[in-house]
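Please find below my notes on the structure, set out as numbered points. They deal with the ligand site and then with one helix.

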Amino acid sequence: MKPELNLHGRTLTLQRYPARTKETLQAWDAADEYLINHVQDMTLDPGRPILIMNDSFGALSCWFANQGKVTCVTDSFIARQGCIANLKANQLPDVQIIDCQAELPDNPQLVLLKLPKITRLLTWQLQQLCQKLPAGCTVIAAAKAKDIHTSTLKLFEKNLGSTKTSLAVKKARLIFCEVNPALAQPLPAPLSWEVPEHGLTLTNHANVFSGDSLDIGARLLLEHIPQHRKYQHIIDLGCGNGVIGIKAAQQNPQARVICVDESYMAVASCLANAALNLPEPAQLEAIVNNCLTGFKPGSADLVLCNPPFHQQNAITDHIAWQMFCDAKQVLTSHGELIVIGNRHLGYDGKLKRLFGNVSVMAQNNKFVIYQARK
Ligand SMILES: C[S@@+](CC[C@H](N)C(=O)[O-])C[C@H]1O[C@@H](n2cnc3c(N)ncnc32)[C@H](O)[C@@H]1O
């Protein structure tokens with residue numbers, strides 16, 4: 001994979017994050033190129049902010065970093081780290097990087113928005129923009145043409161203003177939206193629902209995995225979380241709204257629980273859920289991180305993990321593999337890793353290779369819970 005973006009006589013070297021030696025996936029896509037090509041013909045005011053939302057690994061932020069005051073808005077720690085690394089590798093000036101819940105800068109001249117995978121986040125961001133943007137501010141969204149549906153355009157019309165689309169180029173399309181401040185409304189509250197059989201109430205910010213209802217894999221794992229006085233330090237790796245870590249904390253009140261996710265909204269939801277569901281919320285800590293980077297080796301006796309099987313829009317199992325490798329490092333000797341996965345993902349092979357052992361704790365027709373011991 002050639003990591004060079006060549007456009008308009010300029011070359012950027014762009015890597016995904018974390019950089020891998022035999023990377024097969026590119027750090028930008030045709031929708032990024034389409035946005036860059038379109039904006040090339042516009043005159044930019046160097047004094048007014050350019051908002052870049054949901055940039056995958058910083059390709060757009062890098063491109064515009066020396067053309068105006070760039071603010072990169074992302075819910076992803078991985079995207080943030082990718083953006084910082086790519087700016088540095090290309091010797092570009094720093095840009096402001098904020099998470100989705102932070103206050104947007106005043107008076108932006110241009111908004112470039114990559115469509116997020118989760119529609120709730122798109123709705124949230126459009127409403128956030130509608131509250132903030134001056135009339136006449138240009139908003140251009142971009143995505144693969146197959147991800148832009150009539151319902152997507154209706155969301156723009158309903159929440160931000162009058163909308164039209166471009167022709168498809170290299171299977172990508174642009175969406176142009178004219179801001180209508182009269183459509184502004186209060187931002188939607190996080191979605192809350194109950195899991196009555198486990199006595200849990202879960203609140204979910206807009207970009208949380210399975211934020212509308214309990215994930216079916218998580219439902220099975222909830223029934224098999226071990227309970228024992230020996231557990232002193234438990235990690236929920238890829239915690240989402242924290243459902244697994246919170247249940248583990250309830251069942252093991254002597255243990256300190258750390259929940260980790262790369263999504264800022266997931267971590268915010270997890271902390272809110274600890275406050276809602278635990279008698280001692282301080283028993284649980286939640287942090288934004290890339291897997292278990294920086295964790296002390298040999299420090300945890302149980303890692304619980306419902307791994308992701310995609311990174312942004314790419315289906316990949318390399319994050320699951322990184323999670324398993326990191327868990328092995330961080331576990332004490334005899335420590336346990338418990339993983340839930342869709343049957344066809346074949347996590348047992350990976351765990352056997354890494355730990356030298358794997359057993360099936362439970363299964364149903366779709367999911368399997370594996371246990372590996374260090
Ligand atoms: C399948 S979801 C599981 C969520 C929750 N534990 C559950 O069972 O409902 C996987 C989670 O891993 C998180 N994730 C993805 N890549 C990550 C990374 N590199 N480091 C930490 N978390 C990551 C995602 O944001 C997502 O919340």
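1. In this predicted model, Asp 261 makes a side-chain polar contact with the ligand: a polar atom of its side chain lies 2.6 Å from a ligand oxygen atom. Asp 261 is also listed among the residues that come nearest to the ligand, together with Gly 238, Asn 290, Cys 291 and Asn 306.

2. Two cysteines approach the ligand through their backbones. For Cys 291, a backbone N or O atom lies 2.8 Å from a nitrogen atom of the ligand. For Cys 239, the corresponding distance from a backbone N or O atom to a ligand nitrogen is 3.3 Å.

3. How much of the ligand does the protein bury? The ligand taken alone exposes 600 Å², and the protein buries 93% of that area. Helices α7 (243-251) and α9 (318-330) are the elements that each contribute two or more residues to the surrounding shell.

4. The shell comprises 18 residues. Sorted by class, 11 of them are nonpolar, five are polar and two are charged.

5. Turning to helix α1, which spans residues 30-40, the buried positions are Ala 31, Asp 32, Glu 33, Tyr 34, Leu 35, Ile 36 and Val 39. The cover over these buried residues includes the strands β1 (4-7), β6 (110-114), β7 (138-144) and β9 (172-179), as well as helix α2 (59-64).

6. Which residue caps the N-terminal end of α1? Asp 29 does, with a side-chain oxygen 3.2 Å from the backbone nitrogen of Ala 31. Ala 31 is itself one of the buried residues of this helix.

Note on methods
Residues numbered from 1 in each chain as written. Predicted model: local features only at pLDDT ≥ 70, side-chain atom pairs only at ≥ 80, totals over all residues. Heavy atoms only, no water. Buried < 20%, exposed > 50% of the residue type's maximum accessible area, 1.4 Å probe, protein only. Helix = DSSP H or I, 4+ residues; strand = E, 2+ residues; numbered from the N terminus. Contact = heavy atoms within 4.5 Å. Polar contact = N/O pair within 3.5 Å; in protein donor to acceptor, adjacent residues only side chain to side chain. Near = heavy atom within 4 Å. Areas by Shrake-Rupley, 256 points an atom, 1.4 Å probe, with all protein chains shown as cover. Nonpolar A, V, L, I, M, F, W, Y, C, P; charged D, E, K, R; others polar.
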